[in-house]
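Here are my notes on the two-chain model you passed along. Have the coordinates open while you read.

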Number of protein chains: 2
Amino acid sequence: MITEAVPSVKPVGTLPPVTFLLPFVPGSMRILVLALLLAAAPAAAQVSAPPAAPAVLPKNSVPAFGTMWTFDAPPLEYWQARYGFTPPEGWLDHVRLASVRIPGCSASLVSANGLVMTNHHCARSCITAASPPDTNYQRSGFVARSPSDEKKCPTIYADQLRSIEDVTPRVHQGITARSSAARVAQRDSIIAQIQGECPGGGHEVCQVVSFYQGGRYSLYRYHRYPDVRLVMAPEEAAAFFGGDPDNFTYPRFDLDLTLLRIYENGVPLRPAEYLRWSKAGAAEGDLVFVVGNPGSTGRLLTYAQLEYLRDVEYPGLIASLGRTVSVLKEYIGTDEARSRQLENQLFLAQNSFKAITGYQSGLLDSTIMAQKRAFERDFRARIARDPKLRARYGDAWEAIARARTEQRSVARQARWYGFGGSQLLAFAGLLTRLPEEAARPDSLRLPAYRGPGLEALRKQLAADVPVDKELEKLTLAASLTAAAKELPAGDPFMAALLAGRSPEVAAEALIEGTRLDDAAFRRTLMEGGSDAVRAADDPLLTVARKIAPLSRPIAVRSMRLETIVSANAERIGEAIFAAYGTALPPDATFTLRISDGVVRGYPYNGTVAPYKTSFYGMYARSAEFDDQRPWQLPERWKAARERLDLTTPFDLVTTNDIIGGNSGSPMIDRQGAVVGLIFDGNIEQLPNRFVFTDAVARSVAVHSRAIPTALRQVYGAAWLADELEGKPAASN
Amino acid sequence: MITEAVPSVKPVGTLPPVTFLLPFVPGSMRILVLALLLAAAPAAAQVSAPPAAPAVLPKNSVPAFGTMWTFDAPPLEYWQARYGFTPPEGWLDHVRLASVRIPGCSASLVSANGLVMTNHHCARSCITAASPPDTNYQRSGFVARSPSDEKKCPTIYADQLRSIEDVTPRVHQGITARSSAARVAQRDSIIAQIQGECPGGGHEVCQVVSFYQGGRYSLYRYHRYPDVRLVMAPEEAAAFFGGDPDNFTYPRFDLDLTLLRIYENGVPLRPAEYLRWSKAGAAEGDLVFVVGNPGSTGRLLTYAQLEYLRDVEYPGLIASLGRTVSVLKEYIGTDEARSRQLENQLFLAQNSFKAITGYQSGLLDSTIMAQKRAFERDFRARIARDPKLRARYGDAWEAIARARTEQRSVARQARWYGFGGSQLLAFAGLLTRLPEEAARPDSLRLPAYRGPGLEALRKQLAADVPVDKELEKLTLAASLTAAAKELPAGDPFMAALLAGRSPEVAAEALIEGTRLDDAAFRRTLMEGGSDAVRAADDPLLTVARKIAPLSRPIAVRSMRLETIVSANAERIGEAIFAAYGTALPPDATFTLRISDGVVRGYPYNGTVAPYKTSFYGMYARSAEFDDQRPWQLPERWKAARERLDLTTPFDLVTTNDIIGGNSGSPMIDRQGAVVGLIFDGNIEQLPNRFVFTDAVARSVAVHSRAIPTALRQVYGAAWLADELEGKPAASN
């Protein structure tokens, strides 16, 4: 599934909180995840002028930098040359306004009454929250009988992109300092100022978005709809048929759909723009567009950055996610209550594990790496030939390479010297560090403790969240076991944590003995400051006091090196943007893009994959696994078998350019009508993170014919099918 | 499909005729195909004693040399250790006698009335021959309503293996000469003598089979049943559902079945031994055996031999088969008559193309090659440590490597300097060479012209076979075009053929102008000898006269180098057999083997493939390709849809060790009951030709439940289902 690994990506300039979404990833890893997501958000900005006249990109071939076009720079000539398509007047505004962004995902308005279509896996938190105590809508599905039945989604809001404004000159001109830290402060300040100038009024949300690694800045204005309600969600067994094994693959048989509805002033929204439904759907060879919010790509990364990801960051991340998955699966076992509590967490961890393993396969592919190296060599040669360009950008690649080399030398410590592996240990780390960091000038603090970050951390500490100590013991033991294998004998970090014990014994003692699961206790300590924390006789705090001074110098050094990398990445982004302009789409930024593509099967498994699957296929795959989970058919589908035309198209594949964050994106045809609902990419698409290809990489969508058919024949929700298809509402 | 690329493999010691089955492969390539098939048939034999005590192979792990066990050396300890299975008294004799070999394929007796089960694709020639003029049973299928309806198969006979006798000492002791050629003559003479001692009587067929590249010889005695009749064959669209794209892949939905019946004295055979039917079939994890005749493997080949295959032989063969496929497809187009005439040829060419492309993928896999290199290095080191072994075998690997290096230097000429690309050009070559070769002493002739080969060639020339001149022009032009790209400018071979014309113009002129399509003309020339051939004013003969003297020295040199390779391969085979004994099964020889394996799904396409497919899946894949060929459902299957339980298992996969020639093999359980019918391997299995692995390589079989279900519900042939299941025959 191509949701964002961390569902909420913050606009550039504000620091993401240390998220609780990957609680078993060691501290430094958690930051890594965010660093990956925020690759487009440099820590420092540099001001300089364009280096050269825009280069010409081929207009009629597959662009290696992909097709995630921004709405302020649609590639009209390229579309005309390649497909003979020029969007009619108003078409682009119409599809932009019919699209909405929800936390971590994409979505679209699909009826005159504010119906919103997204993926089942994008609304998991809502579906769980809406479930009554005795029912689990994840398992049973939910179908409102009428609008009055619709359930509020406390965690979901919808942002509609109203306008885009280029603010690059203003941001670049406002950055005048020389030191990286001061430049960051200046940049953040200008961005805050620009964002603050938004008229607002409660429903206006403004974000300054950085493109081309800081080569360009745009102000994105959204209208936020905070009242979003659950209308219909299939059973997880139908939405996520095939589960983790089939995730990121095709052929696929998933109804990964949730229908939501936007309310305004307590009544369904009557949107000015919404997408019409294509009853016929798309056929092989058709041009289709995907409109959504791809989270992040790494197509502008330098070769040294890719090598570092491949050799250091991804292996650590994959190992960490693998531990999380196996601990969660073991802990859940067959326990229904634990399953309900942890299923979303397990889904996220498995999804990230498979996605990052796929990204890594791209970095391990010598053809892809050779292509990246060739592009970089050519581009650097071009810079080197012009004395002015050489002076301005020539050393950026080497600077990054040197920083990455130094980072390799401290990678093991950077990975482990922190408060990872346990939520309670993370609390201990925060309590220990907060007074110390708060006492420093803002710019000298560790990044998470700067500006509004400090207050966010305080809120996290104070919040009354339940902690499962049994699970904590398992995750901490797993983390310590892994650390013990990587760190040398006698390592001071391990000594502090283990104190001669085995990982299991140490984890048991530390978690059992701590009182940090009590939020009141944490609040007391936080209010008491350094003295209270020092005085508390708590085993985790004792350990945290030993770790903190080991960890801080490594964190500071890593931070310094990251600043070098991002400052030079910004220079490279500027050079690339200046060379190619908008003919080369910027890396993904979890903002609205439109990608062109074609419906097309592909060579697979020694044969060919069809461009579409069928309902037959779902019954087939279920029968072939003896109706066992995750291929067990929901009862509704078993009962509907005779009513269904099993040849109905179910899912389909296209060459559109998508990545995590695009989940829930509408797929539309030339007329702007919905022909599909994006929910995944095939396994071959994952390396597209670094180089776009369309030979075998495919986006996977629910076919537009499957949705009303299932609503009518399986879910008894003809009123919703009618609403989607624009038929007059008879009974609601 | 895992039929043999060349259906009839001759026993060692007799030379295969230059086959007409791959008419568009250049001459030297044709011989290559046979050379590959006959890798186990060395041209020279060497006599020497075992080098060392047998080494111990692990009893409980996957053997890299596979599990194609001979019936005189079943690995009883290994089976007991790995599966806790020891065949009961008589079990092995029973399954051996219930198995039969048919041309190019395997088969088994499956009823008390002589019913024989094999694959549809093993009986194509019979199905075509049995079709009345106005019907094509390939398309329509054929179902006898009763035994009286059954149709004679003129091209099929069934050989039942009655006994195996080790004749190694006799063969080795009979070879005393020093020169390779003389040794070959001695060996052939001893083999002919041993085979001649068979009591015979018309139905006894004896073959001396060479194992371990000549390290061991066995006398295989068969009873031949010449009267085999067609009982039931599905439509090709059901038997070969998915066609060439799905060939060699899984998941699969094929009823690749033909039922034949052996008759004796005009009535159905009542065999003493036949296989019972398993109604339940096999489930995941079950131990199963495949009993059949694998054609050839290359697991004992040296690293230099593999490199030569990879760099020289396979690329040429793949290119040649690719040309054949595209010429045939273009020529057939939508012409129904041409399709009927050439469909078997197209099938064979496509099948070989895909198979050899898959073998080549193994040779291009660095992991597999590293494994081969490591085994060879270790084994050579072991030989080198013992002075006696070193003296006897130490230089064999280098001798092969040197010969292969020299062969590379003449590979292009060896590939093209012949009479390939056209059947008529091949006739011209034969007519030109025959008088010349016949005049030489036997041992100095080109191999194809030696001994009984001469007479076989004369018969080919004299036979009244129809030749399609339009197709001949296309194939010759394609061949000349390819040759012109590979051979240097001014090459004398090209000059002789093209004489300054384009390949198309030359082919048109040569084929249009020749009279060699007239068998009477050929016979006249043949009888007239050299003078008549020289006097004939035929453009192809004129060309052949120019090519022959260019070709012969290259052919002689190639032959000499092949003799060096096979003589040294035999020494290596001896050393390996002496070291490992029968604990290491010999390379495949198109003789009866029994392979153990387990029913098991596997990781595939980013997810997992189920161990079985279902009837649902066939309807699914058809719907997903809009019921277009080769996924078009036969009418019978469309009509039967409502009657069928679509969850019925269709095909299944196992870890058994099979290769071309195993097509039609029965798959049996511990009780010896039929649980499947082997018809293919997945694409991942093709590299097993060189190293056996079972991580993702799988054998594909029709599930035993699919066959009676389809017979009853789809084909209205309950009487056959009853016969298979051993039910009392009610109405026949």
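The points below go from confidence to symmetry, the interface and a few backbone details.

1. Ground rules. This is a predicted model, so local features need pLDDT of at least 70 and side-chain atom pairs count only at pLDDT 80 or more, while totals for chains, interfaces and linings use all residues. Residues are numbered from 1 along each chain as its sequence is written, chains are lettered from A in the order in which they are written, and side-chain values use heavy atoms, with hydrogens and water left out.

2. Confidence. The model comes with ipTM 0.88 and pTM 0.89. Chain A has an average pLDDT (the predictor's confidence in each residue, from 0 to 100) of 89, and 91% of its residues score at least 70. Watch residues 5-56 of chain A, though: pLDDT there is below 50, yet the stretch has 151 contacts beyond near neighbours in sequence (contact means heavy atoms within 4.5 Å). Where pLDDT is low, the predicted coordinates should not be read in detail.

3. Symmetry. A turn of 180 degrees with a shift of 0.0 Å along the axis lays chain A on chain B at an RMSD of 0.0 Å (least squares on C-alpha atoms of residues with pLDDT of at least 70 in both copies). That is the relation of a two-fold axis. The copies meet through the same surface, because 100% of the interface residues of chain A are also interface residues in chain B.

4. Interface area. Each side is listed separately: 33 residues from chain A and 33 residues from chain B. About 2,400 Å² is buried between the chains, with 52% of that from carbon and sulfur atoms (accessible area lost on being put together, 1.4 Å probe, summed over both parts). On the chain A side, Asn605(A), Tyr616(A) and Glu624(A) lose the most area, together 28% of what that side buries.

5. Polar links. There are 2 salt bridges between the chains (a side-chain nitrogen of Lys or Arg within 4 Å of a carboxyl oxygen of Asp or Glu). One of the pairs in a salt bridge is Lys612(A) with Asp626(B), at 2.5 Å, N to O. α23 (615-624) is among the chain A elements that give two or more residues to this side, and α23(A) gives the most, with 7 residues (helices are DSSP runs of H or I, at least four residues, and strands are E runs of at least two, numbered from the N terminus).

6. Backbone. Check the cis peptide bond from Tyr250(A) to Pro251(A), with omega near 5 degrees; Pro251(A) is in the loop between α9 and β11 (258-264) of chain A. Tyr250(B) to Pro251(B) is cis too, with omega near 5 degrees.

Notes:
Buried area = accessible area lost by both parts, 1.4 Å probe.
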